[in-house]
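Biologist: I should like to learn how the features of a protein model are read. Please take me through them in order.

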Amino acid sequence: MSKYKLFLLRHGEGAWNKENRFCSWVDQKLSENGVVEAQECGRLLKEQGYQFDRVFTSILSRSIQTAWLVLEAMGQEWVPVTKSWRINERHYGALISLNRAEMALNHGEEQVKLWRRSYDITPPPITESHPYYAEIYNDRRYSTCDVPKEELPKAESLKEVLDRLLPYWNDVIVPVIKSGQTVLISAHGNSCRALLKHLEGISETDIVNVTLPTGVPVLLELDEDLRPVKPRQLLGDQAKIEAAIKKVEDQGKTFGVMSRAGPPSFVPISLR
């Protein structure tokens, strides 16, 4: 029997989602389409009669902005929102800001798929020479974390995302759920995938094929031990959701790259 409901939401489309770039810890606002996705998500949840008692987000603006827009569309702006860096998107290290399709052309679609979707492969770390290093690590928000700034990740695998997410899940979010409150986690593709792997017991092999589109709420019905009692439900128009999933999966493929002006840039990235 279902005892608790938990909602996961990958934020609405961001500017770099639209440009097919690795965004990661670079702080980007929602695109115009992302704003619409978040508002439509809120309207859908309201129409289906759902109410939230608590919302958790990362400390990245696109996650927070999505939560605000969803709650506004639901008429539930007063619901408490708690933010933590532990819900942040996966840190893509040296890949941050690079175009996924161009990377696939230079390094192969399978390599890019491993960097994007595998469980335990960590991309090359970001260094101080990276154009976005200072923007990330000089940001005041990272002085509010529960670890020293020097200990924050410089690159992460999905496994490492789960490792830093689980303490927050167990110590902060789980007690809220078990108190009977309905929780929305407005997060990111990889922080949601990491949590799904934990809750659903997805294998390291199968998690590669779990794709979450932007702005689509995921409903998990859980028993008293917070184990799913039925398959996850992606709420909304199922044909549109399938099309959105395919769009995400195609981001790491090469077709369409050569139609861009000029040849794709070569970025020498190595796993070593």
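Modeller: Let us begin with a strand. Strand β1 is mostly covered, for 6 of its 7 residues are buried. Buried denotes under 20% relative accessible area, exposed over 50%, and partly exposed the range in between, with a 1.4 Å probe and protein chains only. Helices (H or I, at least four residues) and strands (E, at least two) are DSSP runs numbered from the N terminus.

Biologist: On what footing do such statements rest?

Modeller: The model is predicted, so local features need pLDDT of at least 70 and side-chain atom pairs count only at pLDDT 80 or more, whereas totals for chains, interfaces and linings use all residues. Residues are numbered from 1 along each chain as its sequence is written, and side-chain values use heavy atoms, with hydrogens and water left out.

Biologist: In what order do the strands of the sheet lie?

Modeller: Two strands count as paired if DSSP finds at least two bridges between them. Here 6 strands make an open sheet of mixed pairing, in the order β3-β2-β4-β1-β5-β6. Its edges are β3 (81–83) and β6 (233–234); each has a single partner strand, so one side of each lacks a neighbour in the sheet.

Biologist: How many bridges join β1 to β5, and which residues stand opposite each other?

Modeller: Strand β1 (residues 4–10) runs antiparallel to β5, and 6 bridges join them. Within this pairing, Y4 is opposite L222 of β5, and F7 is opposite L219 of β5. With strand β4 (residues 183–187), β1 pairs in the parallel sense over 5 bridges; there L6 stands opposite V183.

Biologist: Which residues of β5 face those of β6?

Modeller: Strand β5 (residues 217–222) pairs with β6 in the antiparallel sense over 2 bridges. L219 stands opposite Q233, while V218 has L234 as its bridge partner.

Biologist: Are the two faces of β5 covered or left open?

Modeller: In a regular strand the side chains alternate between the two faces of the sheet. In β5, P217, L219 and E221 lie on one side and V218, L220 and L222 on the other, and all are buried, which leaves both faces covered. Accordingly, 6 of the 6 residues of β5 are buried.

Biologist: How is the packing of two helices described?

Modeller: One fits axes as lines to C-alpha atoms, for helices over the stretch in contact, and takes the angle, from 0 to 180 degrees, between N-to-C directions. Helix α4 (residues 100–107) and helix α5 (residues 109–117) pack at about 130 degrees, with axes 7 Å apart. The two helices are therefore oblique to each other: angles under 35 degrees count as roughly parallel, over 145 as roughly antiparallel, 65 to 115 as roughly perpendicular, and the rest as oblique.

Biologist: Which residues meet where α4 and α5 are in contact?

Modeller: Contact means heavy atoms within 4.5 Å. From α4 come R100, M103, A104 and H107, which meet E109, Q111, V112, W115 and R116 of α5. The residues of this contact comprise 4 nonpolar, 2 polar and 3 charged. In that division, Ala, Val, Leu, Ile, Met, Phe, Trp, Tyr, Cys and Pro are nonpolar, Asp, Glu, Lys and Arg are charged, and the others, Gly among them, are polar.

Biologist: How many salt bridges does the structure hold?

Modeller: Side chains of opposite charge can pair when their charged atoms come close. The criterion is a side-chain nitrogen of Lys or Arg within 4 Å of a carboxyl oxygen of Asp or Glu. By this criterion the structure holds 9 salt bridges. One of them links E156 and R164, whose closest N and O atoms are 2.8 Å apart; both residues are buried.

Biologist: Where does the salt bridge of K159 and D163 lie along its helix?

Modeller: K159 and D163 are 4 residues apart in helix α7 (residues 158–178), and about one helical turn therefore separates them. Their closest N and O atoms are 3.3 Å apart. K159 is partly exposed at 35% relative accessibility, and D163 is partly exposed at 42%. Elsewhere, salt bridges with shared partners join D27, D139 and R141 into one network. Within it, the side chains of D139 and R141 meet at 3.0 Å, N to O, and R141 is partly exposed, with a relative accessible area of 22%.
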